[in-house]
Amino acid sequence: MPDVPGSAPGAPRDVAAIDIGSNSIRLVLYRLEGRAIWTVFNEKVLAGLGRDLTRTGRLAVDGVEQALIALKRFAAVLEGVQPSHAFVAATAAVREAEDGADFCARVAAETGLQVQVLSGEEEARRAALGVLAGIPDAAGIVGDLGGSSLELVPISEGNVGRGVTLPLGPFSLGDTLSLEVRRSEIASRLGPASDFRADTLYAVGGAWRTLAQAHMSLTGYPLHILHQYQMGAAEARETARLIARQSRESLEKWPGLTKKRAETLPHASLVLEGLIDRLGLKRIVLSAWGVREGLLYDALDPETAAADPLLAGCTALGARQGVSPALPGVLNAWIAPMLEALPVSFSPGRDAVLTDAACRLADIGARLHPDHRIELAFDQVLRAPVPGQTHAERAWLAMAINARYGGPGATPSPELVRRLLTDEQRRSARAVGLAIRMACDLSGRSPQLLANANADVRGGRLILSAADGYADVLLGEQTRKRGKAAAEALGLKLEIDGRTAT
């Protein structure tokens, strides 16, 4: 991907992606800050290009006209924004239609956009890369359901296997089949999927996102973020069966469900039900990232692509406050001895990553109003569009930052944290936040001053000390208060400069 002219390598830049799918056409503008990827504009048109494909072998006439109107607008937006690079890709409908090439030529003539038509293999690979871009430790099967096709691709340890494209989009079967006939035909077409048995399906596509939203509503789930939302296979099957039995008129009355999405949702539910049975799935994880993000991720340089998206996102958020870029690393090293007193929350390696992320967010509230800093910082961290974290990890980070700013143990959303975190995870998050609070207040957020103080844990005590000449300026009343709170959260006694604090 070319750098922005005149910019330093790795400087922030805008990149665009236009995805011409069988059902929808979407433009997304991204701001890249290294590995941190932010969506700054997102517009979709449900044109239904592939609606008539099984009947006529051609793109839908009205869909083509709607698509061209949308693409003219998208081209105008690109002209105004001037991104450093723009991807324009078409998938199954354009790939399979006998007039697909004519459509691409017309798009070029009327909009100036040059469309790259992805093969089935390329589409599957980009969808899998998009999932890995947003969930680096994903292991299982990626299932990308579009209007005309379903792509299945195995992923593990950051690698993409060889996938398969199946004619299983809602437009591939027409709209006249009865429920049972459609279910039987889906089961038949899922035959090749038997080679892709796995515990986890990473679900990509608007229809499955809508199904997940329905599951959230039915279960009263407290965090309305789709990326990395997880459903057990039994729950997902139950929700899919409920939706599949609904009439189109009934679905159109569901809050937030558009008429066009109501047409395709029952089919998507039947496909998911079939996959659960065919693949022996245990869980379904939603990925908000797919083909578009896969195109972008594939174009990153290897060093940038290898970075952790959670840490990159937290670095970008934290760096906007104008503090020393050295502070997060110094903080992380300084509080490390204290955290050895904590039980494992997720896994030893994951706990270290989350603590690192919390240190990078340590000053996220610096420019927030002090009267509302606690709740605003908590919400910012909980709902930040930063991938690479489960919902439980989001709650853990938000709780840590709540404590860092002196918030109570209950946090601004007590029911949410109780539902998403265990008692030990809540204790760990609060202890990390209070340790960061102590370190920041002790040093005035100065890495140089913090380097002249030391925290250690021995014999059930949190021991704070300072270098020669620094005890008076670093170990005063403020440090005693912050140290006492951190020690209590860790289950320790506090000792300052050789004296037990009370």
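Colleague: If a cavity is a set of grid points where a 1.4 Å probe fits but cannot get out, how many cavities of 30 Å³ or more does the count come to?

Modeller: In this predicted model, the count by that rule comes to 3 cavities of 30 Å³ or more. The largest cavity holds about 460 Å³ of space, and of the 31 residues that line it, S24, L145, G146, G205 and G206 are the closest to its centre.

Colleague: And which helices and strands each supply at least two residues of that lining?

Modeller: Strand 6 (140-145), helix 7, helix 10 (259-279) and helix 11 each supply at least two residues of the lining of the largest cavity.

Colleague: What about open space, what volume does the largest pocket have?

Modeller: The largest pocket has a volume of about 820 Å³, and 33 residues line it, with R209, Q213, I225, L226 and A288 the closest to its centre.

Colleague: Where does the largest share of the lining of that pocket come from?

Modeller: Helix 7 gives the largest share, 7 residues. Strand 2, strand 3, helix 7 (206-219) and helix 11 (291-298) each supply at least two residues of the pocket lining, whereas for the largest cavity helix 7 and helix 11 are again among the elements that supply at least two.

Colleague: Let's go to strand 2 and strand 3, then. In which sense do they pair?

Modeller: They pair in the antiparallel sense over 9 bridges, and one of the matched pairs is Y30 with T39 in strand 3. The hairpin that they form has 2 residues between the strands, and G34 takes a positive phi near 65° in it.

Colleague: What is the order of the strands in the sheet with 5 strands?

Modeller: That open sheet runs in the order 3-2-1-4-5, with mixed pairing, and its edge strands are strand 3 and strand 5 (116-117), each of which pairs on one side only. Strand 1 (residues 13-20) and strand 4 (residues 85-90) run parallel and are joined by 6 bridges, with D19 having A89 in strand 4 as its bridge partner.

Colleague: Which strands does helix 2 lie across?

Modeller: Helix 2 (residues 61-81) lies across strand 1, strand 2 (25-33), strand 3 and strand 4, and runs at about 20° to strand 2.

Colleague: I was also looking at E43. Where is it, and which residue's side chain does its own side chain join in a polar contact?

Modeller: E43 is in strand 3 (residues 36-45), and a polar contact of 2.7 Å joins its side chain to that of R73. If its neighbours within four places in sequence are left aside, E43 is in contact with I25, R26, L27, R73 and F74.

Colleague: Changing topic, what does UniProt list for residues 352-495?

Modeller: The unreviewed UniProt entry lists those residues as "domain: Exopolyphosphatase C-terminal". In the model, the chain over residues 352-495 is 58% helix and 10% strand, with the end C-alpha atoms 26 Å apart.

Colleague: And the sheet with the order 13-14-15-16, why is one side of strand 13 and of strand 16 left without a neighbour?

Modeller: That is an open sheet of 4 strands with mixed pairing. Strand 13 (453-458) and strand 16 (499-500) stand at its edges and each has a single partner strand, so one side of each has no neighbour in the sheet. Strand 13 pairs with strand 14 (residues 461-466) in the antiparallel sense over 6 bridges, and A453 has A466 in strand 14 as its bridge partner.

Colleague: Which strands does helix 22 touch there?

Modeller: Helix 22 (residues 477-490) packs on the sheet and touches strand 14 and strand 15 (493-496), its direction making about 150° with that of strand 15.

Conventions
Residues numbered from 1 in each chain as written. Predicted model: local features only at pLDDT ≥ 70, side-chain atom pairs only at ≥ 80, totals over all residues. Heavy atoms only, no water. Polar contact = N/O pair within 3.5 Å; in protein donor to acceptor, adjacent residues only side chain to side chain. Contact = heavy atoms within 4.5 Å. UniProt positions renumbered as here; feature names shortened; annotations may be inferred. Pairing = 2+ DSSP bridges. Axes fitted to C-alpha atoms, helices over the stretch in contact; angles between N-to-C directions. 1 Å grid on protein atoms, 1.4 Å probe; cavity = no way out; pocket = protein on both sides within 12 Å on 5 of 7 lines; lining within 4 Å. Points joined across faces, edges and corners; volume = space filled by probe spheres on them.
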